[in-house]
Amino acid sequence: MLKDHTAVATVAVKDIEVAGKFYAGTLGLQAQLTNRPGVLSFKTGDSMFFVYQSEFAGTNKATAATWVVGDDIKPIVEALIAKGVAFERYDFPNIVHDGDIHVMGETKAAWLRDPDGNILALASR
């Protein structure tokens, strides 16, 4: 039923202006025009990413969205660190840390939080 349709990440935030600066300015997502107050829409790769204002912002304790960045993970992590982004460190079994990047066999991943505490991930595959 849904296998041929695109899924869209949707993240709740407390302050839509702060979120807009983070997602467009810090992460470099391309803002799209929207005529709905309290909602931002961003182009990212071949998909869309929505941010909306909600009193429940930041209450999710799991990863809200993941960007698959391939072999660019290390330079992207370094560029975000240069912009002041702090990365999370998890001690999962069988993980090797390469700075802020978690190496799990052939897969590499890094987790960060937006200004509301939403967990975002970068993954090599």
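The following questions and answers go through a predicted model, from its open sheet to its aromatic pairs.

Residues are numbered from 1 along each chain as its sequence is written. In this predicted model, local features need pLDDT of at least 70, side-chain atom pairs count only at pLDDT 80 or more, and totals for chains, interfaces and linings use all residues, while side-chain values use heavy atoms, with hydrogens and water left out.

Trainee: Which are the edge strands of the open sheet?

Mentor: Strands (E, at least two residues) and helices (H or I, at least four) are DSSP runs, numbered from the N terminus. Two strands pair if DSSP finds at least two bridges between them. The open sheet has four strands in the order β1-β4-β3-β2, with mixed pairing. Pairing on one side only marks the edge strands, β1 (9-13) and β2 (30-32).

Trainee: Which residue in β3 stands opposite Gln 30?

Mentor: Strand β3 covers residues 39-44 and runs antiparallel to β2, with three bridges joining them. Opposite Gln 30 stands Lys 43.

Trainee: What angle does the direction of α1 make with that of β3?

Mentor: Axes are lines fitted to C-alpha atoms, for helices over the stretch in contact, and angles run from 0 to 180 degrees between N-to-C directions. Contact means heavy atoms within 4.5 Å. Helix α1 packs on the sheet and touches β1, β3 and β4 (47-53), and its direction makes with that of β3 an angle of about 5°.

Trainee: Is Thr 26 buried or exposed?

Mentor: Thr 26 lies in helix α1, residues 16-26. Leaving aside neighbours within four places in sequence, Thr 26 is in contact with Lys 21, Leu 80, Lys 83 and Val 85. Buried means under 20% relative accessible area, exposed over 50% and partly exposed in between, with a 1.4 Å probe and protein chains only. Thr 26 has 18% relative accessibility, so it counts as buried.

Trainee: Why are the buried residues Ile 73, Val 77 and Leu 80 on the same side of α2?

Mentor: In α2, Ile 73, Val 77 and Leu 80 are buried. The arc is that of the directions from the helix axis to the C-beta atoms. These residues are on the same side of α2 because they cover an arc of only 65°.

Trainee: Which elements do the buried residues of α2 pack against?

Mentor: Ile 73, Val 77 and Leu 80 are buried in α2. The packing partners of the buried residues of α2 are α1, β7 (101-104), β8 (107-113) and β9 (119-123).

Trainee: Which residues does Gly 70 touch, not counting those up to four places away in sequence?

Mentor: Gly 70 is found in the loop between β5 (63-68) and α2 (73-82). Its relative accessible area is 19%, so Gly 70 is buried. With residues up to four places away in sequence not counted, Gly 70 touches Ala 123 and Ser 124.

Trainee: How far apart are the ring centres of Tyr 23 and Phe 49?

Mentor: Rings of Phe, Tyr and Trp (its six-membered ring) pair if their centres lie within 6.5 Å; planes under 30 degrees apart count as stacked, over 60 as edge-to-face and the rest as tilted. By this rule there are seven aromatic pairs. The pair of Tyr 23 and Phe 49 is tilted, with 40° between the planes and a centre to centre distance of 5.1 Å.

Trainee: How many residues apart in sequence are the parts tied together by Phe 49 and Trp 67?

Mentor: The rings of Phe 49 and Trp 67 have centres 5.3 Å apart and planes at 40°, so this pair is tilted. Phe 49 lies in strand β4 and Trp 67 in strand β5, so the pair ties together parts whose separation in sequence is 18 residues.
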